[in-house]
Amino acid sequence: MSELTRAQKDEFIEFIAYLCDEAAKEILPHYGPDVEIERKSDATPVTLADRNAEKRIREILAERYPEHGIIGEEYGRERDDADFVWVLDPVDGTKSFISGVPLFATLIALMYKGRPVIGAINQPVLKQMVIGDCETTTLNGKPVSGREACPLSQATLCTTDPIRKTLWQNEADWTALPPKTALYRSWGDAGGYILLCSGFIDIMCDPMMEIWDCAAILPCLEGAGFKVTGWKGGDAFDERCIIAAKAPLHDEVMATLYPAQ
């Protein structure tokens, strides 16, 4: 629950959808086999789509809410001690983007006093926009709440990178989890959370995230009624990692990862 009024939420929800649409105009012209790729200092890829989209969002924010802060993946921080701070990941899933896989998305969050209160996940190729305000979540304007919890043996489990070493963090027995599910796939990046909120998969796990990776996703998951923790079982935003499923399925996941507890 946030401290914002309903009127404030409605204002910011309309605005965040506008930001997503404007970002899409910068992203889509670069989506295709001829996309130009650069490498950051950590060897991860970045494109003009990432950079141009964040520039455009920052321009709009400077005009509309100049007193608000910004934290962006591509261009850093401005006034990040403000009560209202926007968190931007213009293309979450750049590896999917450059591979032509529509699991990438634009992630935009609004934080209030250090906590994410509104988030948007926008997939511009498939025209899917999920927006959550910690109370409700919509897909293209229609309420969504995922699907009801099923037994682990019937569940679809997704993660972005199935061999990422951090899946075993906190001494989690990740190797035990996939064989107990009905289906295990790497339908990850931000697109995995669209699948989760809209009711196509049951469990989404991300073992290592930056603030711009998780801030937009968490209000959507909370608004859709998912149980969300980090790998240690605590606050996912503080831990910067996500294990999300409907209760009691989430409990089954944690019991599998940590059988001795």
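Reader: What covers the buried residues of H1?

Author: The cover includes helix H2 (48-64), strand S5 (84-92), helix H3 (94-98), strand S6 (105-112), strand S7 (115-123) and strand S8 (128-132). This is a predicted model, where local features need pLDDT of at least 70 and side-chain atom pairs count only at pLDDT 80 or more, while totals for chains, interfaces and linings use all residues. Residues are numbered from 1 along each chain as its sequence is written, and side-chain values use heavy atoms, with hydrogens and water left out.

Reader: Which residues of H1 are called buried?

Author: Buried means under 20% relative accessible area (1.4 Å probe, protein chains only). Among those of H1 that meet this are Phe-12, Phe-15, Ile-16, Leu-19 and Ile-27.

Reader: Why is H1 called a helix, and how many residues has H1?

Author: Helices are DSSP runs of H or I with at least four residues, and strands are runs of E with at least two. H1 (residues 6-27) has 22 residues, so H1 satisfies the helix definition.

Reader: What makes S13 and S15 a pair?

Author: Two strands pair if DSSP finds at least two bridges between them. S13 (residues 203-206) and S15 (residues 242-245) have three, in the antiparallel sense, so they count as paired. Cys-205 stands opposite Ile-243 in S15.

Reader: Where do S13 and S15 belong?

Author: They belong to an open sheet of five strands in the order S12-S11-S13-S15-S14, with mixed pairing.

Reader: Why are S12 and S14 at the edges?

Author: Strand S12 (183-185) and strand S14 (227-229) each have a single partner strand, so one side of each lacks a neighbour in the sheet.

Note on methods: The expected span of a helix is 1.5 Å times one less than its number of residues. Buried means under 20% relative accessible area, exposed over 50%, partly exposed in between (1.4 Å probe, protein chains only). Contact means heavy atoms within 4.5 Å.
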